[in-house]
Amino acid sequence: MDPMSLLLRWAHLVGAVLAIGGLAFARFGLLPALADFDEETRARIHESIRRRWLPLVILSITLLLVSGLANFLLFNRLDLSSFLCNLFSNLHLIIIALYSL
C-alpha cells in the first residue's frame with residue numbers, strides 16, 4: 001500500500017472516530033451527568049464544552065470530506081473533470097459537503 005493511500009485511510013478513520021466517539025460520549029456520558037446540575041450551571045458547562053469541542057467537530061468533518069473525496073477520486077480511477085461533469089449522480093456528496101458548512 002502506498003503512503004498516500006495509507007495516510008488518506010488513516011485520516012478518514014481518525015475523522016470518523018473523533019466524530020462518532022464525541023457524539024457517543026456527549027449523548028451517553030455527558031448529558032446524563034449534567035442532569036444533576038441546576039439550569040445556570042448546565043448552561044455554563046454546555047457553553048464551555050461547546051467552545052472547546054466545535055473546532056474538533058470541524059476538523060473531523062473536514063477530514064472525512066477531504067479524505068473521502070480524495071479516496072473516491074484516486075482509487076476509482078476518475079479524474080476531477082469527469083467527477084464534475086457527472087454532478088447529478090454525485091449529488092449526495094455535494095449535499096453532505098454543503099450541510100457540513
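Mentor: The bend at a residue is the angle between two helix axes, one fitted to the seven residues ending there and one to the seven starting there. In this predicted model, helix H1 bends by about 35° at Ala-26.

Trainee: Before the details, how many helices and strands does the protein have?

Mentor: There are four helices and zero strands. Following the sequence from start to end gives the pattern α-α-α-α.

Trainee: What span should the 32 residues of H1 have?

Mentor: The general idea is to allow 1.5 Å for each residue, counting one less than the number of residues. For H1 that gives 46 Å, and the C-alpha atoms at its ends are 43 Å apart, so the two values agree.

Trainee: And how far does H2 reach from its first C-alpha to its last?

Mentor: H2, with 37 residues, reaches 50 Å, which is close to the expected 54 Å. This helix also has a kink of about 35°, placed at Trp-53, shortly before the proline Pro-55.

Trainee: How do I read burial, and which residues of H1 are buried?

Mentor: A residue is called buried when its relative accessible area is under 20%, and exposed when it is over 50%; partly exposed lies in between. In H1 the buried residues are Ser-5, Leu-8, Ala-11, Gly-15, Gly-22, Leu-30 and Leu-34.

Trainee: What do the buried residues of H1 pack against?

Mentor: They pack against helix H2, residues 39-75. H2 has its own buried residues, among them Ser-60, Ser-67 and Leu-73. Over the whole protein of 101 residues, buried ones make up 16%.

Trainee: Where can I see residues of H1 and H2 that are far apart in sequence, and how far apart are Val-14 and Ser-60 in space?

Mentor: Val-14 and Ser-60 are separated by 46 residues in sequence, and their C-alpha atoms are 7.4 Å apart. Val-14 sits in helix H1, while Ser-60 is among the buried residues of H2. A second pair is Leu-7 and Ser-67, which are 60 residues apart along the chain, with 8.8 Å between their C-alpha atoms. Leu-7 is also in H1. For the protein as a whole, take the contacts between residues at least 6 apart in sequence: 64% of them join residues at least 24 apart.

Trainee: Is Leu-7 buried or exposed?

Mentor: Leu-7 is exposed, because its relative accessible area is 56%. Val-14, at 42%, is partly exposed.

Trainee: Which residues form the nonpolar patch on the surface?

Mentor: The patch consists of Met-1, Leu-6, Trp-10, Leu-13, Val-14 and Val-17, and together they have about 640 Å² of accessible area. Leu-6 lies in H1 and counts as partly exposed, because its relative accessibility is 41%. The protein exposes about 7,900 Å² in total, with 73% of that supplied by carbon and sulfur atoms.

Trainee: What about charged side chains: how many salt bridges does a search of the whole structure find?

Mentor: The search finds one. To count, a side-chain nitrogen of Lys or Arg must be within 4 Å of a carboxyl oxygen of Asp or Glu. Here the side chains of Arg-42 and Glu-39 meet at 2.6 Å, N to O.

Trainee: Where do Arg-42 and Glu-39 sit relative to each other in helix H2?

Mentor: They are three residues apart in H2, so about one helical turn separates them. Glu-39 is exposed, with a relative accessible area of 54%, whereas Arg-42 is partly exposed at 26%.

Terms used:
Residues numbered from 1 in each chain as written. Predicted model: local features only at pLDDT ≥ 70, side-chain atom pairs only at ≥ 80, totals over all residues. Heavy atoms only, no water. Patch = residues over 30% accessible without salt bridge, like charges linked within 9 Å, V, L, I, M, F, W, Y side chains within 5 Å. Areas by Shrake-Rupley, 256 points an atom, 1.4 Å probe, with all protein chains shown as cover. Helix = DSSP H or I, 4+ residues; strand = E, 2+ residues; numbered from the N terminus. Buried < 20%, exposed > 50% of the residue type's maximum accessible area, 1.4 Å probe, protein only. Contact = heavy atoms within 4.5 Å.
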